[in-house]
Amino acid sequence: MTRDELDHALLAAHDAEDTTALIRLYAMAGDLCEGTGDLDAACFYLTHAFVFALEAGAPEAKVLNARLVAHGRAYPLQF
């Protein structure tokens, strides 16, 4: 998925209030930015994915928290 496609998909997921898609797409955006070495942008997107996962009680929250902890951007939480 290109960056433009990802941006459009994120907007569509917000419009549809599709929390599952938002978690997946924000994590994908984080992966994309991490792959290009832009850690600040990666953590921005991963934080969004994490917040949506927490709100939804989604199992992805644990992995997203661990990724943010590894980058020094969050405290480890118990799930």
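Which residue forms a salt bridge with R67, the closest N and O atoms being 2.7 Å apart? In this predicted model, D31 is one such partner. The pair links distant parts of the chain, with D31 sitting in helix α2 and R67 in helix α4, 36 residues apart. R67 also has a salt bridge to E34, and here too the closest N and O atoms come to 2.7 Å. Because E34 belongs to helix α2 and R67 to helix α4, this second pair ties together parts that are 33 residues apart in sequence. Through shared partners, then, D31, E34 and R67 end up in one network. As for the acidic residues, D31 is partly exposed, at a relative accessible area of 38%, and E34 is partly exposed as well, at 30%.

The structure holds four salt bridges. Another of them brings together the side chains of D7 and R3, at 3.5 Å from N to O. This one stays inside helix α1: the two residues are four apart, or about one turn of the helix. D7 is partly exposed at 30% relative accessibility, and R3 is partly exposed at 36%.

Now for the inside of the fold. In soluble globular proteins, nonpolar side chains tend to be buried together. Here the largest nonpolar core has 24 residues, and those touching the most other members are L10, L22, I23, L25, Y26, A53 and L64. Helices α1 (3-16), α2, α3 and α4 each put in at least two residues, with α3 giving the most, at nine. I23 gives a feel for the packing: leaving aside residues up to four places away in sequence, I23 touches A49, F52, A53, A56, A58, E60 and L64.

Aromatic side chains come up too. The count of aromatic pairs is three. In one of them, the rings of Y26 and F52 have centres 6.0 Å apart and planes at 10°, so the pair is stacked. Y26 lies in helix α2 (residues 19-35) and F52 in helix α3 (residues 39-56), so the stack ties together parts that are 26 residues apart in sequence. Both rings belong to buried residues. Y26 and F52 also join F44 and Y45 in one aromatic cluster.

Some nonpolar side chains show up on the outside instead. L54, L77 and F79 form a surface patch, with about 290 Å² of accessible area together. L77 falls in the segment after α4 (60-70) and is partly exposed, with a relative accessible area of 43%.

Technical notes
Residues numbered from 1 in each chain as written. Predicted model: local features only at pLDDT ≥ 70, side-chain atom pairs only at ≥ 80, totals over all residues. Heavy atoms only, no water. Patch = residues over 30% accessible without salt bridge, like charges linked within 9 Å, V, L, I, M, F, W, Y side chains within 5 Å. Areas by Shrake-Rupley, 256 points an atom, 1.4 Å probe, with all protein chains shown as cover. Buried < 20%, exposed > 50% of the residue type's maximum accessible area, 1.4 Å probe, protein only. Phe/Tyr/Trp six-rings, centres within 6.5 Å; stacked < 30°, edge-to-face > 60°. Core = buried A, V, L, I, M, F, W, Y, C linked by side-chain atoms within 4.5 Å. Contact = heavy atoms within 4.5 Å.
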